Amino acid sequence: MGFNNFLRSLFGSKADRDYRAIKPVLDKTLKKYDEIDKLSNDELRAHSAALREHMREVEKPFEDRRMEIRAQLNEDISIDQKEALVTELDKLVKDEDDAIEKALNEILPEAFSIMKSTARRLNDGDVVVKASEFDKELSISHDFVSIEGDKAVWHKSWVAGGNKITWDMVHYDVQLIGGIALHQGRIAEMSTGEGKTLVATLPVFLNALAGKGVHIVTVNDYLSKRDSEWMGPLYQFHGLSVDCIDKHEPNSDARRNAYNCDITFGTNNEFGFDYLRDNMAVSSEDLVQRKHHYAIVDEVDSVLIDDARTPLIISGPTAKTESDDQFLEYRPYVERLYQAQRSLVNQILNEAKKKIAEGDEQEGGKLLFRAHKGLPKYQPLIKYLSEPGMKVILQKTENYYIQDNEREMPVITDPLYFVINEQLNSVDMTDKGNDVLAKSVGDENFFIIPDVGSKIAAMEQAGLSPEEKRHQKDALMEDFSLKSERIHTVNQLLKAYTQFEKDVDYIIVDGKIKIVDEQTGRVMEGRRWSDGLHQAVEAKENVKVEAATQTFATITLQNYFRMYHKLSGMTGTAETEAGEFWSIYKLDVMVIPTNRPIIRDDQDDLIYKTKKAKFTAVIERIMQLRDAGRPVLVGTTDVETSELLSRMLRMRGIKHNVLNAKEHAREAEIVGQAGQSSSVTIATNMAGRGTDIKLSPEVIKAGGLAIVGTERHDSRRVDRQLRGRAGRQGDPGSSVFFISLEDDLMRLFGSERIASVVDRLGMKENETLESSMLSGAIERAQKKVEENNFGIRKRLLEYDDVMNYQREA
């Protein structure tokens, strides 16, 4: 028995210890529920009103003292007195927050019981109460409540997210545990389908009683609007105000009113951008946000980890400059250079094949490695590397040339025009590429930047007049600036051609380049790549090159969410990142048990040599499952793959739906049909978050929803999210991933071990390899990517911390 296992046997697992700590609170809540649920509808509302009044009494002494201090600050008093009052004011905020937390912990069993009882009553049918003024106001613009005489009828059915929903949920005990964890400022990891949205109603209602504002943060505007309309009536029944910032324009009175509501829904980006806009406001009347009190982040790993790699930036246009035209001017030259490299790599690959076939593995490996450094995504190269022994030869050669700090690497790279490093997302011109491009442009000094220091020193010794010196310095700096800008433009164009693919990294809509989020598969509206990269992609695709932008305000999501007095989150996949959540946000992860055992059949990965063989097998599996009467959800990592599979299915005459960044407007409709018998839905990562696929009894009898993954994602969490679409609440279901050795993850991070095992088995193109050992090796490859991404986020945060000191000053 290992030491960790010994400790676990002694003290229990972390999940066991967390449950033991929460159980007394759970027991009190269950006992209180029996009391609360016996109240009449009107008595239930009166009880929640009494709790709100109790919280106001807790806060009143602090509010009164705050008003006194503000009045004193306006008086003619000394600087020392003012500083003492401001210090007291800051301490008062902290003391009030502590008093609120203490009071909320005391009333938690009652508040949770009220929310559960409300859900139970709506589940039983329409709820009739004495009409209040708030009920009357709501009935004018909402369908969930109507007024009949002096009574308000709260209906069991209403429209949410564009669909008619009928309330059919009551909180389970495990959901109460999740609610307690969220209130305590933790991350509740709940398996997909365990009703995280319903769990949130408990801490949201409890904390909203304090009147300080509760923010529910979602990953996209579809979910924020849907959840505000779906869960909103439970809060509004008790007189709490609810709104969604995504329904209103930025900087508008409507958005300010949304922030002043007791409960505010919205996307992480909009919350962050509103904060940045407030920082740019010229007067206090223009501010929309108030104090950041409590936030619950839905799909917390997506928001605080995946999205945290990119800072939020508000930028504005700059005056059109010559550099904007340079992208179009130099595009033909860069395109010719790119095509020349393709021809060269094709020639090198043919020579490599010849040498390896003759038995000269050393020279063949060198040529193979050179082709890989030149164009790692070149399809004939990827196909050749999937043949037995080739990946091992490449890795052996690479190991030789990266030793001694890459001392011998020029032997490989000098004959190329440019060198690509996929793992670092970089592309560098070689001297040969520089010379070819300079000659084609007609300027031998194209890449030679003047040595400003030595030139200025020469001017100083030349005995020039001050006027001549100034004139020559200006000319020198202009030459330096022009050449630097030119080189930057060429490098960004080269990056656009070699590393950014249409329908993978971006799509073209109405003549504009729209970035596709690799984690969610959604279009990132309003986002542009920085540093001229977006303009380079626009030039590459021959669409209008927009003017460059300048940054007005920026913040990382990490620093935005660390401003909240209390932060919590929920997701189906947080445990793998528990260390990062603690080190950056001081958030503890608590794993919540499932209400019913999961019976989904998670099968080992099926590994093929080539993408062609993999996709053929995927189509065959889809047809088998469809013929068995099971609905199939096919997961892809990008738009291009989803459209390729769609074309293959159309050729076989298989009816299906596609859900990707181009079809996001039909999301609710497509998800609504995805659980029907024999239906086939192809989806990018969009379907992985917050979407609930309902199954009919005949589908459950047939074996439930079948998940077919066409590639492993860089992140294990995204794969777990996709698997979690099936087998919800104890339903049957299955999941399997089809993988080829040509997939990006396998090419970039697959180990020599995988390649050597495949070689030993002598796999043919259409053969399948299924092994739990290989599935484990693939997970280790994903772990490498995750560690790399954590490094990126950590460096970004360290940089933004410096900026944060300035924001707080």
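The following paragraphs describe a parallel sheet, a pocket and three individual residues in a predicted model.

Residues are numbered from 1 along each chain as its sequence is written, and side-chain values use heavy atoms, with hydrogens and water left out. As the model is predicted, local features need pLDDT of at least 70 and side-chain atom pairs count only at pLDDT 80 or more, whereas totals for chains, interfaces and linings use all residues.

An open sheet of 7 strands with parallel pairing has the order β8-β9-β7-β10-β17-β6-β18. Strands (E, at least two residues) and helices (H or I, at least four) are DSSP runs numbered from the N terminus, and two strands pair if DSSP finds at least two bridges between them. The edges are formed by β8 and β18 (589-591), each of which has a single partner strand, so one side of each is left without a neighbour in the sheet. From one strand to the next the twist averages 20°; axes are lines fitted to C-alpha atoms, for helices over the stretch in contact, and angles run from 0 to 180 degrees between N-to-C directions. At the β18 edge, strand β6 (residues 187-189) runs parallel to β18 and is joined to it by 3 bridges, with Ile187 partnered by Val589.

Within this sheet, strand β7 (residues 214-218) is mostly covered, 5 of its 5 residues being buried; buried means under 20% relative accessible area, exposed over 50%, and partly exposed in between (1.4 Å probe, protein chains only). In a regular strand the side chains alternate between the two faces of the sheet. In β7, Val214, Ile216 and Thr218 point one way, while His215 and Val217 point the other way. Parallel pairing links β7 to strand β9 (residues 263-267) over 5 bridges and to strand β10 (residues 294-298) over 4 bridges. His215 stands opposite Thr264 in β9 and has Ala295 as its bridge partner in β10.

The second largest pocket has a volume of about 1,200 Å³. Of its 44 lining residues, Met169, Trp230, Asp692, Lys694 and Arg728 are the closest to its centre. On a 1 Å grid over the protein atoms alone, a pocket is an open set of points with protein on both sides within 12 Å along at least five of seven lines, whereas a cavity is a set where a 1.4 Å probe fits but cannot get out; lining residues have an atom within 4 Å of a point. Grid points are joined across faces, edges and corners, and a volume is the space filled by probe spheres set on the points.

At least two lining residues are supplied by each of β5 (163-166), α7 (196-208), α8 (221-236) and α25 (667-673), and α8 contributes the largest share, 5 residues. Domain 1 (3-124 + 156-315 + 558-591) and domain 4 (601-791) each provide at least three residues of the lining; the domain bounds come from an automatic or database domain assignment. By class, the lining has 17 nonpolar, 13 polar and 14 charged residues, where Ala, Val, Leu, Ile, Met, Phe, Trp, Tyr, Cys and Pro count as nonpolar, Asp, Glu, Lys and Arg as charged, and the others, Gly among them, as polar.

Two non-glycine residues with positive phi lie in loops. Asn251, with phi near 60°, is placed between β8 (242-244) and α9 (253-260) and counts as partly exposed because its relative accessibility is 47%. Asp503, with phi of about 65°, is placed between α19 (466-499) and β14 (506-509) and counts as buried because its relative accessibility is 13%. Ala475 lies in helix α19 and, at 42% relative accessibility, counts as partly exposed.
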